[in-house]
Amino acid sequence: MLGFRSIALSFVLAAYLLIADCAAAAPTLSYKVVARYPHSTDSYTEGFLYLNGLFYEGTGIAGHSALLAIEPETGKIVQKREMPPEYFGEGIVDWGPNIYQWTWQHHICFVHDRFSLRTVKQFSYTGEGWGMTRTAKEIITSDGSATLRFRDPATFKETHHILIKDGTKTIDQLNELEFIKGEIYANVWHSDRIARISPRDGHVIAWIDLSGLLPDDQKINAESVLNGIAYDAQHDRLFVTGKQWPTVFEIKVVPLRRVPHS
C-alpha cells in the first residue's frame with residue numbers, strides 16, 4: 001500500500017511540475033504590417049538601429065562588412081564606413097556621439113564617431129561577437145549562446161550576465177538585439193521568432209511570431225533569415241528586417257489569431 005501511495009504521489013508531482021512548466025512558458029504574439037521601406041539585398045544585416053531619422057546598419061561577410069547610415073524612405077546610403085576586408089562585421093549600438101561595431105571572431109570592437117563614421121578607438125573582448133543593444137547605463141551583447149552579457153561602455157568589460165530561459169528551457173542562438181520599453185528584444189538565428197526578454201532575470205516574457213513576413217521566393221538563400229530590430233522611441237515605431245531582405249517592415253505587435261475549431 002505504501003509503495004502504491006509513493007507511486008501515486010510521484011505521478012501527481014510529475015503532473016504538477018509539467019503543468020507548472022507549461023504555465024510558465026511565454027505566450028506567443030503575432031504582427032500586423034504597418035509600412036514597408038526599401039532595403040538593399042547586398043546588405044547581410046548583423047546590426048540594425050534607428051536614430052534621428054536614419055537607419056544605422058552593420059553588415060557582415062568578410063570583405064563586404066560595413067557600417068551604413070540610410071534614409072528609411074528611399075533606402076539611400078548617406079554615409080558608409082567599410083571594414084578592412086579581413087573582418088566579419090556584427091552588431092552595432094549607439095553610445096553618446098559614437099557607434100560601436102564589433103566583429104564575429106576577431107575580438108575587436110570598433111568605436112566610430114557617429115557623424116563622420118571615423119574610427120576613434122577600439123576595444124578587445126573574448127568570445128564571439130553577435131548582437132548589441134543598450135540600456136541607459138550599459139551595453140548588452142549576445143554571442144550565439146543562451147547568455148546575454150552586460151558591459152561597461154567605457155571599457156567594454158563585462159559587468160554581469162543573464163541566462164535566457166522560456167520556462168525551464170534555455171534559449172540559445174540569440175542574435176541581433178534591441179532594447180524597447182525596458183525589455184530586450186532578441187532575434188533567434190534561423191528562427192522567425194523574436195524573444196522579448198526581462199533584463200532582470202533573463203526569462204522570456206513573450207514571443208513575437210513573424211512567420212510569413214517575407215515570402216520564401218523573395219529570400220536569396222537559406223541564410224537570408226530574419227535578423228534586424230530597430231525602434232523609433234519618439235514615434236513608437238518598430239522595424240524589422242533580415243539578411244539580404246529587399247524590405248524593412250514597420251510592424252505592430254498584435255495578439256495571435258486562433259483558428260476556430262470546425
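Which residue in β18 is the bridge partner of N187? Let's work up to that in the first exercise, keeping in mind that this is a predicted model.

**Exercise 1. Trace β18 and its two neighbours.**

Task: find the bridge partner of N187 in β18, then describe how β18 is joined to β17 and to β19.

Solution.
- Step 1. Start with β17, residues 183-188, which runs antiparallel to β18 and is joined to it by four bridges.
- Step 2. Look across from N187 into β18: its bridge partner there is I194.
- Step 3. Follow the hairpin of β17 and β18, where four residues lie between the strands. One of them to inspect is H190, which takes a positive phi near 60°.
- Step 4. Move to the other neighbour, β19, residues 204-209, which is antiparallel to β18 and joined to it by five bridges. Here R196 has A206 in β19 as its bridge partner.
- Step 5. Check the second hairpin, that of β18 and β19, with six residues between the strands. In this hairpin G202 takes a positive phi near 85°.

**Exercise 2. Judge the surroundings of β18.**

Task: say why β18 is largely enclosed by the rest of the structure.

Solution.
- Step 1. Take the strand as residues 193-197, five residues in total.
- Step 2. Apply the cut-off for a buried residue, which is under 20% relative accessible area.
- Step 3. Four of the five residues are buried, so β18 is largely enclosed by the rest of the structure.
- Step 4. For context, buried residues make up 48% of the 262 residues in the protein.

**Exercise 3. Lay out the sheet of eight strands.**

Task: give the strand order of the open sheet of eight strands and name its edges.

Solution.
- Step 1. Begin with the inventory: the protein has 22 strands and one helix.
- Step 2. The order in this open sheet is β16-β17-β18-β19-β1-β22-β21-β20, and the pairing is mixed.
- Step 3. β16 and β20 each have a single partner strand, so each of these edge strands has one side without a neighbour in the sheet.
- Step 4. From one strand to the next, the twist averages 35°.
- Step 5. Zoom in on the β16 edge: β16 and β17 run antiparallel, joined by five bridges. E178 has Y185 in β17 as its bridge partner.

**Exercise 4. Do the same for a sheet of four strands.**

Task: describe the open sheet that contains β2, β3, β4 and β5.

Solution.
- Step 1. The four strands follow the order β2-β3-β4-β5, with antiparallel pairing.
- Step 2. β2 and β5 (77-82) are the edges; each has a single partner strand, so one side of each lacks a neighbour in the sheet.
- Step 3. On average, neighbouring strands here are turned by 15° against each other, direction ignored.
- Step 4. Inside the sheet, β3 (residues 54-59) pairs with β4 (residues 66-70) over five bridges in the antiparallel sense. Y56 stands opposite A69 in β4.

**Exercise 5. Explore the largest pocket.**

Task: determine how much space the largest pocket holds and which elements line it.

Solution.
- Step 1. The space in the largest pocket comes to about 440 Å³.
- Step 2. Elements giving two or more residues to its lining are β2 (45-51), β6 (89-95), β10 (132-134), β16 (174-180) and β20 (226-232).
- Step 3. β16 supplies the largest share, five residues.
- Step 4. The lining has 25 residues, and those nearest the centre are Y50, D94, R134, E178 and Y231.
- Step 5. Sorted by type, the lining residues are 13 nonpolar, six polar and six charged.

**Exercise 6. Compare two loop residues.**

Task: classify S43 and D152 as buried, partly exposed or exposed, and list their contacts.

Solution.
- Step 1. S43 sits in the loop between β1 (28-38) and β2. Its relative accessibility is 6%, so S43 counts as buried.
- Step 2. Not counting residues up to four places away in sequence, S43 touches E57, T59, L68, G242, K243 and Q244.
- Step 3. D152 is in the loop between β12 (147-151) and β13 (158-163). Its relative accessibility is 31%, so D152 counts as partly exposed.
- Step 4. Leaving aside neighbours within four places in sequence, D152 is in contact with K157 and T159.
- Step 5. Finally, find K137: from D152 it is 15 residues apart in sequence and 7.9 Å apart in space, C-alpha to C-alpha.

Key: Residues are numbered from 1 along each chain as its sequence is written. This is a predicted model: local features need pLDDT of at least 70, side-chain atom pairs count only at pLDDT 80 or more; totals for chains, interfaces and linings use all residues. Side-chain values use heavy atoms; hydrogens and water are left out. Buried means under 20% relative accessible area, exposed over 50%, partly exposed in between (1.4 Å probe, protein chains only). Two strands pair if DSSP finds at least two bridges between them. On a 1 Å grid over the protein atoms alone, a cavity is a set of points where a 1.4 Å probe fits but cannot get out, and a pocket is an open set with protein on both sides within 12 Å along at least five of seven lines; lining residues have an atom within 4 Å of a point. Grid points are joined across faces, edges and corners, and a volume is the space filled by probe spheres set on the points. Ala, Val, Leu, Ile, Met, Phe, Trp, Tyr, Cys and Pro count as nonpolar, Asp, Glu, Lys and Arg as charged, and the others, Gly among them, as polar. Axes are lines fitted to C-alpha atoms, for helices over the stretch in contact, and angles run from 0 to 180 degrees between N-to-C directions. Contact means heavy atoms within 4.5 Å.
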